[in-house]
Every structure is written in structure tokens, then in C-alpha cells.
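Visitor: Hello! Could you walk me through this structure, one question at a time?
Guide: Gladly, let us bring it up and begin.

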Amino acid sequence: IKRVASTSDQMAALGGLSDQAAEKQLTQMIDFIKLEAREKAEEIRAQANQDYEMERLMREQQAKLKLQSRYAQIEQERITERRVAMSKKLSEQRTHKLAEQGKMLNELVEDTERRLTGFSSAEPAKYKQLMLSLLAQGALSVIGAGNGASFTIRVLCRPCDSKLVQGLASEAAQ
């Protein structure tokens, strides 16, 4: 039959300590282990908090960058829209101005035709002199631009003036 030793017997055998001293040492060891466990748990908790904070800050920074990027994109779209609107308005103004200039030019041409028609029939001698001056001036401007080269000049005129222009061409060339 085996004998089961009591706790105090085992303690005494191990170190020759009394029950109270062994109990005290055991309590100190347990307290030490608990303290180490609490410190380790606190380290783990601190590391977890630090990791959480780092992750939170990183995500916050990413969110800020994303918002800034989106804001910059929206701002760029606004700038582009404003430029397109300004360009469109400017183009409309230019088109309107060109239309007005074209209208005024057409009115000027029509008025000039009426006056020349009246002038050619009312004062044929002055009209002939005007045509000669215009032909000579046109020939000089072409010859001056050509640096002395030989040119054939084509003159457009009203059908009723074609015989007059043909007759004045040789005079204007001199």
C-alpha cells in the first residue's frame, strides 16, 4: 500500500521548509506569475492600442488624400467648365461681330455699286480716268510684289465695262 504524502510532507521533503514558509513562498510565486501576466497583458494591450492608432491614422490620412484628390478633380472640372463657357461666349461674340461686319461690308458693296453705276453713266470721262487709275494701281501692286517677274493679270469687272477695261489695259500696263 502506497502512502500518500501530505502537502506539508512534500514541502518538507523538497526544501525542508515549514508549512508556513512553503505556503508563503508559493503565494509569492503565484503573485509574481500574476504580476508578470498582468504586465504582459498590459504590453499586449498597449501594442494593440498602438497598432490600432497607427491603422486609424493611416486610414484617416488615406481618406484625407482621397478627399483632396476628389476636391482637386471637382475644382479642375469647374475651371474647365468656366473656360469652355468663356470660350463659347467669346466665339459667339466673334461670330456676331463677323456677321455684323459681313452685313456692313455687303451694304458698303451694294452702296458702292449703286454709286459707281450712277457715276459711270453720269460722268463717263471721269469714270474712264478712275478705271485707268485703278487698273494701273492694281498692276503696280502685283508687279511690286513679284520682284520684276513677268505676270499675266486677270481683271474682273462688270460685263458692261469689259470693253472699256480691255481698251484701258494696255495704257495701265505702261
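Visitor: Is Lys 126 buried, partly exposed or exposed?
Guide: This is a predicted model, and the class comes from the computed relative accessible area. Exposed means over 50%. Lys 126 has a relative accessibility of 52%, so the class for Lys 126 is exposed.

Visitor: Which residue meets the side chain of Lys 126 in a salt bridge?
Guide: The N to O distance for this pair is 3.2 Å, and a salt bridge needs a nitrogen within 4 Å of a carboxyl oxygen. The partner is partly exposed, with a relative accessible area of 32%. That partner is Glu 123.

Visitor: Which residues are joined into one network by salt bridges that share partners?
Guide: Here the salt bridges link up through shared partners. The network joins Glu 53, Arg 56, Glu 60 and Lys 64.

Visitor: Which helix holds both Arg 115 and Asp 111?
Guide: These two form a salt bridge, with the closest N and O atoms 3.5 Å apart. Arg 115 is exposed at 62% relative accessibility, whereas Asp 111 is partly exposed at 26%. They sit four residues apart, about one turn of the helix, and that helix is H2.

Visitor: How far apart in sequence are Lys 40 and Glu 43?
Guide: Their side chains meet in a salt bridge at 3.9 Å, N to O. Lys 40 counts as partly exposed, at 47% relative accessibility. Both residues lie in helix H2 (residues 19-122), and the spacing, about one turn of the helix, is three residues.

Visitor: How many salt bridges does the count come to?
Guide: The pairs we have met include Lys 40 with Glu 43 and Arg 115 with Asp 111. With the N to O cut-off at 4 Å, the count comes to 12.

Visitor: What pattern does the chain follow along the sequence?
Guide: The secondary structure comes to four helices and zero strands. Read along the sequence, that gives α-α-α-α.

Visitor: Which element gives the most residues to the largest nonpolar core?
Guide: In soluble globular proteins, nonpolar side chains tend to be buried together. Here the largest nonpolar core has seven residues: Tyr 127, Met 131, Leu 132, Leu 135, Val 165, Leu 168 and Ala 172. Two or more of them come from each of H3 and H4. The element giving the most, with four residues, is H3.

Visitor: What share of the chain's residues is buried?
Guide: Buried means under 20% relative accessible area. Of the 174 residues in the chain, the buried share is 7%.

Visitor: Which residues make the nonpolar surface patch of about 380 Å²?
Guide: One member, Val 155, lies in the loop between helix H3 (124-145) and helix H4 (162-173). A patch residue needs over 30% relative accessible area, and Val 155 is partly exposed at 40%. The patch is made by Val 142, Ile 143, Phe 151, Ile 153 and Val 155.

Visitor: Why is Cys 160 not bonded to Cys 157, and how many disulfides does the structure hold?
Guide: A disulfide needs two cysteine sulfur atoms within 2.5 Å. The sulfurs of Cys 160 and Cys 157 are 8.0 Å apart, so they are too far for a bond. Cys 160 is exposed at 61% relative accessibility, and Cys 157 is partly exposed at 34%. The number of disulfides in the structure is zero.

Note on methods
Residues numbered from 1 in each chain as written. Predicted model: local features only at pLDDT ≥ 70, side-chain atom pairs only at ≥ 80, totals over all residues. Heavy atoms only, no water. Patch = residues over 30% accessible without salt bridge, like charges linked within 9 Å, V, L, I, M, F, W, Y side chains within 5 Å. Areas by Shrake-Rupley, 256 points an atom, 1.4 Å probe, with all protein chains shown as cover. Buried < 20%, exposed > 50% of the residue type's maximum accessible area, 1.4 Å probe, protein only. Core = buried A, V, L, I, M, F, W, Y, C linked by side-chain atoms within 4.5 Å.
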